[in-house]
Amino acid sequence: MTKGYWIASVTVTDAKRYKGYQNHAPAAFAKYNATFLARGGDAETLEGEAFERHVIIEFETKDHALACYNSPEYQMARSHRNAACKANIVIVEGLPLIDGQS
């Protein structure tokens, strides 16, 4: 079974409103056993549009990542995020495991 990854690039435009997203999103990520691999930190944009922060979240499968995004918990969080940031979010399937490697 291959993992699923949620890759988000975000620039916050309204920090006060974005707090609502930050208060609600953890419930969705916990429900789907998400593992954060990168959250903010030092990044350099070499091509394309520059964003303030980048997030990579690992899920058991791509279907789990999509279920998290479409969940009522995340959609509630997203409603707080809509006018508070500029975001690019992609969900991608990882590579298949080879000989039991993860």
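**Reading the fold, a helix face and a surface patch**

Guide: The secondary structure of the protein chain in this predicted model comes to 3 helices and 4 strands. From the N terminus on, these elements run β-α-β-β-α-α-β. The radius of gyration is 14 Å, close to the 13 Å that the globule rule gives for 102 residues, so the chain is as compact as a globular protein of that length.

Visitor: What percentage of the 102 residues counts as buried?

Guide: The share is 30%. As for contacts between residues at least 6 apart in sequence, 78% of them join residues at least 24 apart.

Visitor: How should one read the burial pattern of a helix, and which residues of helix H3 are buried?

Guide: An α-helix has 3.6 residues a turn, so residues three or four places apart point the same way. In H3, which spans residues 72–81, the buried residues are Tyr-74, Ala-77 and Arg-81. Seen down the axis of H3, they fall within an arc of 60°, so they line one face of the helix.

Visitor: Against which elements do the buried residues of H3 pack?

Guide: Their partners are two strands, S1 (4–12) and S4 (85–93), and two helices, H1 (15–31) and H2 (62–70).

Visitor: Turning to the surface, which residues form a nonpolar patch?

Guide: The patch consists of Ile-7, Leu-37, Ile-56, Val-90 and Val-92, which together have about 360 Å² of accessible area. One of its members, Ile-56, lies in strand S3 (residues 53–59). Ile-56 has a relative accessible area of 32%; it therefore counts as partly exposed, since that class lies between under 20% for buried and over 50% for exposed.

How values were computed. Residues numbered from 1 in each chain as written. Predicted model: local features only at pLDDT ≥ 70, side-chain atom pairs only at ≥ 80, totals over all residues. Heavy atoms only, no water. Buried < 20%, exposed > 50% of the residue type's maximum accessible area, 1.4 Å probe, protein only. Arc of directions from axis to C-beta. Contact = heavy atoms within 4.5 Å. Patch = residues over 30% accessible without salt bridge, like charges linked within 9 Å, V, L, I, M, F, W, Y side chains within 5 Å. Areas by Shrake-Rupley, 256 points an atom, 1.4 Å probe, with all protein chains shown as cover. Salt bridge = Lys/Arg side-chain N within 4 Å of Asp/Glu carboxyl O. Rg over C-alpha atoms; globule rule 2.2 N^0.38 Å.
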